[in-house]
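Dear colleague,

Please find below the structure that I am handing over to you. A summary of what was found in it follows.

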Amino acid sequence: MVFIGNSRVLVGWSPDVPNRPNEKVYNLACPAMTLSEIREYLHFACLVHTPKKVFIGLDITHFGKYIECASEEKEKLHILAQVADSPILQVYAFKDDFQLNRSIFALLRKKMKEKSSGDVCYKGWDKYRGMRKIPINKIKMDLINEKKKQNVQHLDLKSWECLCDIHDMLRSKEIDVTVFFNPLMKEYNDIVMSSWGREEVMCIKQKVANLFGKVYDFNIENKFTKNYGLYSDISHYNVEMGKLMKAAIFGECADKTIVNILYSNDKNGISQ
């Protein structure tokens, strides 16, 4: 079983599954992971050990054009995933044709050392940030700084094509896949929505549901997205929120207001 997505999955999804203590799980998420990188990670993972189930965490920002800052130099890396006798998926990185930024390379180096120390990363999960709760006194300033970074966004067709490729690859290999949209702190989500527009966001979410048949949408306003104790910082939920999300997906969560489940329009009798 593999969890994959950007840093929100990296921070919030610990490698455990409700009522499945012996499940072999690895968190393959990385910071700022794009849909094209998710596609490549899964491709290489399948070459060496096809996972039975994949959980993909999405954000609406996955569907916009990624504009890299001039200071963010890119390293060419090639990711090769292999499975040892243990349930831990070992990740090795070396220079080649796969593009990742320096921060991701630094994280992968930590992942490679995790067998000797589980303090920072545990089965790919960013344990340090995942266990943290946001300092209340930082929220206001962090939100102000984040608002300055936002630009008007629209659906980028190349990103959508990448998601279609991911869908086709997993289906061809008969891999069970669960797709979900990450929750965002209410105030931070308002900033993101101002860049995209709520109507376009809902249109994109429905397109994803039409593609995969079913999507768990945690990116909604509720008591969970207003609870600061469930967040590591303004843009990342922590492990406690991750546990609630997994419980909802596996049918173990009593509070159904945490998620909105979107289905394909076909299932609802509506033409795509």
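In this predicted model, helix H6 runs over residues 157–172 and so comprises 16 residues, with 22 Å between its first C-alpha and its last. That span is close to the 22 Å expected at 1.5 Å a residue. The buried residues of H6 are Ser159, Trp160, Cys162, Leu163, Cys164, Ile166, His167, Met169 and Leu170. Their cover includes two helices, H2 (35–48) and H8 (198–212), together with two strands, S3 (53–58) and S9 (176–181). After H6 comes Glu174, which has a positive phi, near 55°.

A second helix, H7 (residues 186–196), contains Ser195. Ser195 counts as buried because its relative accessibility, 6%, is under the 20% cut-off. Leaving aside residues up to four places away in sequence, Ser195 is in contact with Gln150, Asn151, Val152 and Gln153.

Trp125 belongs to strand S8 (residues 125–126). With a relative accessibility of 6%, Trp125 is likewise classed as buried. Its C-alpha lies 5.4 Å from that of Leu10, although 115 residues separate Trp125 and Leu10 in sequence. In addition, a polar atom of the Trp125 side chain is 2.8 Å from the backbone oxygen of Val11.

Turning to the cysteines, Cys30 has a relative accessibility of 0% and is therefore buried, the cut-off being under 20%. Cys46 is also buried, at a relative accessible area of 7%. Cys162 and Cys164 appear among the buried residues of H6. A search of the whole structure nevertheless returned zero disulfides.

As regards the chain in general, its secondary structure amounts to nine helices and 13 strands. Of its 272 residues, 52% are buried. When contacts between residues at least 6 apart in sequence are considered, 75% of them join residues at least 24 apart. The chain exposes about 13,600 Å², of which 51% is supplied by carbon and sulfur atoms.

Yours sincerely

How values were computed
Residues are numbered from 1 along each chain as its sequence is written. This is a predicted model: local features need pLDDT of at least 70, side-chain atom pairs count only at pLDDT 80 or more; totals for chains, interfaces and linings use all residues. Side-chain values use heavy atoms; hydrogens and water are left out. A disulfide is a pair of cysteine sulfur atoms within 2.5 Å. Buried means under 20% relative accessible area, exposed over 50%, partly exposed in between (1.4 Å probe, protein chains only). Helices (H or I, at least four residues) and strands (E, at least two) are DSSP runs, numbered from the N terminus. The expected span of a helix is 1.5 Å times one less than its number of residues. Contact means heavy atoms within 4.5 Å. Accessible areas come from the Shrake-Rupley method with a 1.4 Å probe; for residues, only the protein chains shown count as cover. A polar contact is a pair of N or O atoms within 3.5 Å; within protein, one must be able to donate a hydrogen and the other to accept it, and residues adjacent in sequence count only if both atoms are side-chain atoms.
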